[in-house]
Amino acid sequence: MDTFQAAIQWVLNLGSAVFVPIIILILGLVARMKFKRAFTSALTLGIAFTGMNLVIGFMTEAVGPASEALANNTGISLPAIDVGWTGAASITWSWVYAFTFFAIQIAINILMLSFNWTKTLNVDMWNVWGKAFTAYFVYFVSGHLWAGFLVGIIQIILELKLGDMFQRHIEDLTGIPLVTVTHPMSLTAAILVPINKIMDYIPFLNKQYDANSLKQKIGVFSENSVMGFVIGLGLGFLGAYAISDSLNLAVQVAAAMTLFPMISKLFMQSLSPLADAMSDYMKNRFQDREIYIGMDWPILAGRAEVWVTLILLVPVFIGFALILPGNKVLPIAGVLNYGLAISGLLLTGANVVRMLILGVIFTPLFLYASSYLAPMLTDLAKATGAVDVPANRMITWSSMETPEFRLSFAQAFAGNWIGILCAIVFIGLFIWLYKEMTTVKVPSERYASLENDSDGK
């Protein structure tokens, strides 16, 4: 066990920008790509991940202080410190059973591919910690270790089905063939389905409001750089920044939003050759069967709608934190709620108006979930010594991914009848989401059809 853990830790220390391209290189060689082409694709992918993470980090470092200033200006202090996903991941890896989920994920993926229960090969091993986090969450609440492992396995299966259902939508959004996203944050799309379905009956919301269509409606203000500048400037003013600081923040956000689509082209450049090679390989050996490559969410980060939604929801997130009774956390480290933005992007086909409406409606869920999480994450941090917790304080993760899934199943295995009911409802919603995403048109066709219907054509 120590040897296995040491080997996995060595892999983790490589970082996702090295580890994932190594997997891509191996897949390329298996698919009979020439070494030069496979290596170039893998290296380009590493560059894409590195570049995207740099810009995401740059955006976070720019927006984070403004969000903190906005929160501090309220003068309210809440008992739980927001450590974000990085703090939660560090603490999770300190749990003794966390590393076993590498073997579990690989085994389940191979089994499901073998029986044709999925088309997705999940190479996003970097986010295995998310399954371990779920397992510990369920174990802490229910008191049953076996329940934690079982729910972690359920999450692995659901992630593969997410990859299957979203693939053609992701290809339409990114232009990258046979690539999908298996990150668990998009599980939240299941609970967004009913509200999104209701919005289908509102004519105003049946028009296409992605970045490209907005260019025809609002002109220069729809340009990534201009949108970033305006949004950054507004956030600076909300944070009571001086004019010069607000202008600097505006330019920083504009720079990041300009660079995102440029870097996203590298994902297409690196993954398209692999997709072609994998397609030929599967056709020759498995009767035209397709295999999708499951990746981390940053392949979607080139969509401007993600960042418009993330930044505009910052004051909403902080505002709810100040007024909701029973809330314990002021969102700082996790104030950019990627789970809501990515789920909204995939479900609505990049309709930024719908994404914002869904974000406002469901933001309170994340605050209450993170308040509920605080005692158990604090307990694990103290038990493992992974993070120092200040006296008389707690730590939590304000934008905990897929809170509805984790909370429902944790309470269900604790014997709570409301939790059992919520878990059943979640599975029902997931099935609804699966049917919806495998039958509806892709984003480029979807809203044109809805708009025609609403116009009576």
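Two residues are in contact when they have heavy atoms within 4.5 Å of each other. Keep that in mind as we walk through this model, which is a predicted one.

Let's try the idea out on Pro273, which sits in helix H11, residues 243–285. Which residues does Pro273 touch, if we leave aside its neighbours within four places in sequence? They are Met33, Arg37, Ser41 and Met268. Pro273 also has another proline to look for: Pro177 is 96 residues away in sequence, yet the two C-alpha atoms are 9.3 Å apart in space. As for cover, a residue counts as buried when its relative accessible area is under 20%. Pro273 has 14%, so it is buried.

Now zoom out to the whole chain. Its secondary structure comes to 18 helices and 5 strands. Of its 457 residues, 58% are buried. Take the contacts between residues at least 6 apart in sequence: 79% of them join residues at least 24 apart. The outside can be described too, with an accessible surface of about 18,500 Å², and 65% of that belongs to carbon and sulfur atoms.

How do the helices meet? Start with H5 (residues 100–114) and H7 (residues 145–174), which pack at an angle of about 45° with their axes 10 Å apart. Angles under 35 degrees count as roughly parallel, and 65 to 115 as roughly perpendicular. H5 and H7 fit neither label, and are therefore oblique to each other. Their crossing is right-handed. On the H5 side, the residues making the contact include Phe101, Ile104 and Ile108, while H7 brings Phe149, Ile153 and Leu160, among others. Sorted by class, the residues of this contact are 9 nonpolar, 4 polar and 2 charged.

A second pair to find is H14 (338–348) and H15 (352–384). The axes of H14 and H15 come within 10 Å and cross at roughly 140°. That makes this pair oblique as well, because the label "roughly antiparallel" is kept for angles over 145 degrees. The crossing of H14 and H15 is right-handed. Among the residues in contact are Leu340, Ala341 and Leu345 of H14, along with Met355, Leu358 and Phe362 of H15. Here the classes come to 7 nonpolar, 4 polar and 1 charged.

Between H14 and H15 there is a loop, and Ala350 is found in it. What is the phi of Ala350? It is near 70°, a positive value in a residue other than glycine. Most residues other than glycine have a negative phi. Ala350 is buried too, since its relative accessible area is 0%. Asn116 also has a positive phi without being glycine, near 60°. You'll find Asn116 in the loop between H5 and strand E2 (120–122).

Last stop: helix H16, residues 403–413. Is H16 mostly covered or mostly open? Mostly covered, with 10 of its 11 residues buried. Those buried residues include Phe405, Leu407 and Phe409, and also Glu404 and Arg406. What do the buried residues of H16 pack against? Their partners are H6 (129–142), H7, H8 (189–199), H15 and H17 (417–439). You have already met two of these, H7 in its crossing with H5 and H15 in its crossing with H14. After H16 comes Gly415, whose phi is positive, near 90°.

Definitions and conventions. Residues numbered from 1 in each chain as written. Predicted model: local features only at pLDDT ≥ 70, side-chain atom pairs only at ≥ 80, totals over all residues. Heavy atoms only, no water. Axes fitted to C-alpha atoms, helices over the stretch in contact; angles between N-to-C directions. Helix = DSSP H or I, 4+ residues; strand = E, 2+ residues; numbered from the N terminus. Left-handed = near helix turned anticlockwise from the far one by under 90°. Nonpolar A, V, L, I, M, F, W, Y, C, P; charged D, E, K, R; others polar. Buried < 20%, exposed > 50% of the residue type's maximum accessible area, 1.4 Å probe, protein only. Areas by Shrake-Rupley, 256 points an atom, 1.4 Å probe, with all protein chains shown as cover.
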